[in-house]
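Student: I am new to this one. Could we go through it together, asking how each label is earned?

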Amino acid sequence: MRQSDPEGHGPVRYGPPAPDPGLPVLPELADVLASAAVRTSSEPPGGGPALREAVAGYWWRRGLRSRPDDVAAAPGAQPLLLALLAAHGGDVLMPRPCPAWWTPQARLLGRPAFHVPTSAESGGVPDPYALLETVRRIRAEGGSPHVVLLSVADDPTATVAPPELVREACEAAVGEGLHIVSDETWRDTVHEPLDRPLLSPAEMCPDDVTVISDLSGALLPAAWPVAAARFPTTGPGAGRRARVLDILTALGGFVAGPVAAAAAHALDEPGPVTARRGRANALHAAVAQAVRDLVLTSGALAGPAQAGRHLYADLGPLRARLAELGVTDSMELEDYLSRRLGTPVPGGHRFGDELGALRVRIDTGPFLGASPEERLEALESATPLALPHVARALESLGSAFRELR
């Protein structure tokens, strides 16, 4: 279905592409879930003591001192962000591009959502000067900006914002009285953490930042939905947490008991969990580099993937050839590449990007195999790119891009 885009970028299509099935479940986590299957009740609003203790410990190990009373859990990032935005009120600012599910959260609440430009090298964090200009424009037009969303390890662009940019953006936001919601879902998937140090906004502005994380980023399968928020430990943080819990209660946003047990175990980061995360990061990094090489060979553009399981490609240099194929915007590009490759290739319009820009997010997951057995083989292989099913998938992508030269 097509409908007019409120920001004036032309028609948009609602409904996300089919999700990547992901890697097979870690056996240790499956055992924990199975052991907890006899639980017949959900967690209380915000999570029970064991889950909140594990969440607090997870962030404490990352330099963010937290107590169980400073955190809350929900059945996925979407209801958690919805509750956060509802608790804060006001207009919402977010980077362009941004995760596909952010803008619908604001619109569901009837809140204006304003996209702020980012640099090509550091998606996920708004340009500080553009942020200030946008805030002042909104206020001049009678708006009331209250919250800015950002992600230092970004989906969709797969970039990691440098600490100096994070600092400048946070100082600009706090100086204008904005509360920062930092989505750190992908912080544990940075491909080269020693080369790309990650600075959480909460380390810089502890009184003005709420951190959220969807555990499907690095710890749990997407089919076991759990997300967590860490609230400021001073000022109005406790009151906002209480408001979020009220909203989650009204939404029925309770984590399932067996899933909570698995989440708490994963958040404690035992050896098998961290080992799996490390192997998965290395696998996705290798595939992303191979995909980027194919994109660049075609004449299209793509920066290096620094985190996550995606690559953001700009096919603008191939515009003339794409026009011959009837492709003139990101919706048509999504349709074309998804049909050609037989797997969803979401266009940039899904992430708040300009409709006329020929950008797509290429997910690395589909290259790992069509079955759990093939994906596990890729995970355990010392040379995953040489596996026949991985090589075939990469060749299919390369062939599709060679046709566009």
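Tutor: Happily! Across the interface of domain 1 and domain 2, three salt bridges are found. Keep in mind that this is a predicted model.

Student: How do you know that Asp 188 and Arg 277 form a salt bridge?

Tutor: The closest N and O atoms of Asp 188 and Arg 277 are 3.8 Å apart. The cut-off is within 4 Å, so the pair counts as a salt bridge.

Student: Where do the two domains lie along the chain?

Tutor: The domain assignment gives 27-269 for domain 1 and 272-403 for domain 2. Their C-alpha centres lie 26 Å apart. Domain 1 brings 28 residues to the contact, and domain 2 brings 20 residues.

Student: What makes up the area buried between domain 1 and domain 2?

Tutor: That area is about 2200 Å², and carbon and sulfur atoms give 54% of it. On the domain 1 side, Pro 156, Ala 158 and His 191 supply 27% of the area buried against domain 2, more than any other three residues. There are also 14 residue pairs in polar contact between the two domains.

Student: Let us turn to the rings. How many aromatic pairs does the structure hold?

Tutor: It holds three aromatic pairs. One of them joins Tyr 58 and Trp 59.

Student: Why is the pair of Tyr 58 and Trp 59 called edge-to-face?

Tutor: A ring pair is described by the distance of the centres and the angle of the planes. For Tyr 58 and Trp 59 the values are 5.9 Å centre to centre and 70° between the planes. Centres within 6.5 Å make a pair, and an angle over 60 degrees counts as edge-to-face, so both parts of the name fit.

Student: And what makes Trp 101 and Trp 102 a pair that is edge-to-face?

Tutor: The centres of Trp 101 and Trp 102 are 6.4 Å apart, with 85° between the planes. Those values pass the cut-offs of 6.5 Å and 60 degrees, so the name holds here too.

Student: Why does Trp 102 count as buried?

Tutor: Its relative accessibility is 1%, and buried means under 20%, so Trp 102 is buried. Tyr 58 and Trp 59 are buried as well.

Student: What lies over the face of Tyr 58?

Tutor: Arg 62 does, at 3.7 Å from the ring centre.

How values were computed:
Residues are numbered from 1 along each chain as its sequence is written. This is a predicted model: local features need pLDDT of at least 70, side-chain atom pairs count only at pLDDT 80 or more; totals for chains, interfaces and linings use all residues. Side-chain values use heavy atoms; hydrogens and water are left out. Rings of Phe, Tyr and Trp (its six-membered ring) pair if their centres lie within 6.5 Å; planes under 30 degrees apart count as stacked, over 60 as edge-to-face and the rest as tilted. Buried means under 20% relative accessible area, exposed over 50%, partly exposed in between (1.4 Å probe, protein chains only). A charge sits over a ring if NZ of Lys or CZ of Arg is within 6 Å of the ring centre and within 35 degrees of the ring normal. Domain bounds come from an automatic or database domain assignment. Contact means heavy atoms within 4.5 Å. Buried area is the accessible area (1.4 Å probe) that two parts lose on being put together, summed over both. A salt bridge is a side-chain nitrogen of Lys or Arg within 4 Å of a carboxyl oxygen of Asp or Glu. A polar contact is a pair of N or O atoms within 3.5 Å; within protein, one must be able to donate a hydrogen and the other to accept it, and residues adjacent in sequence count only if both atoms are side-chain atoms.
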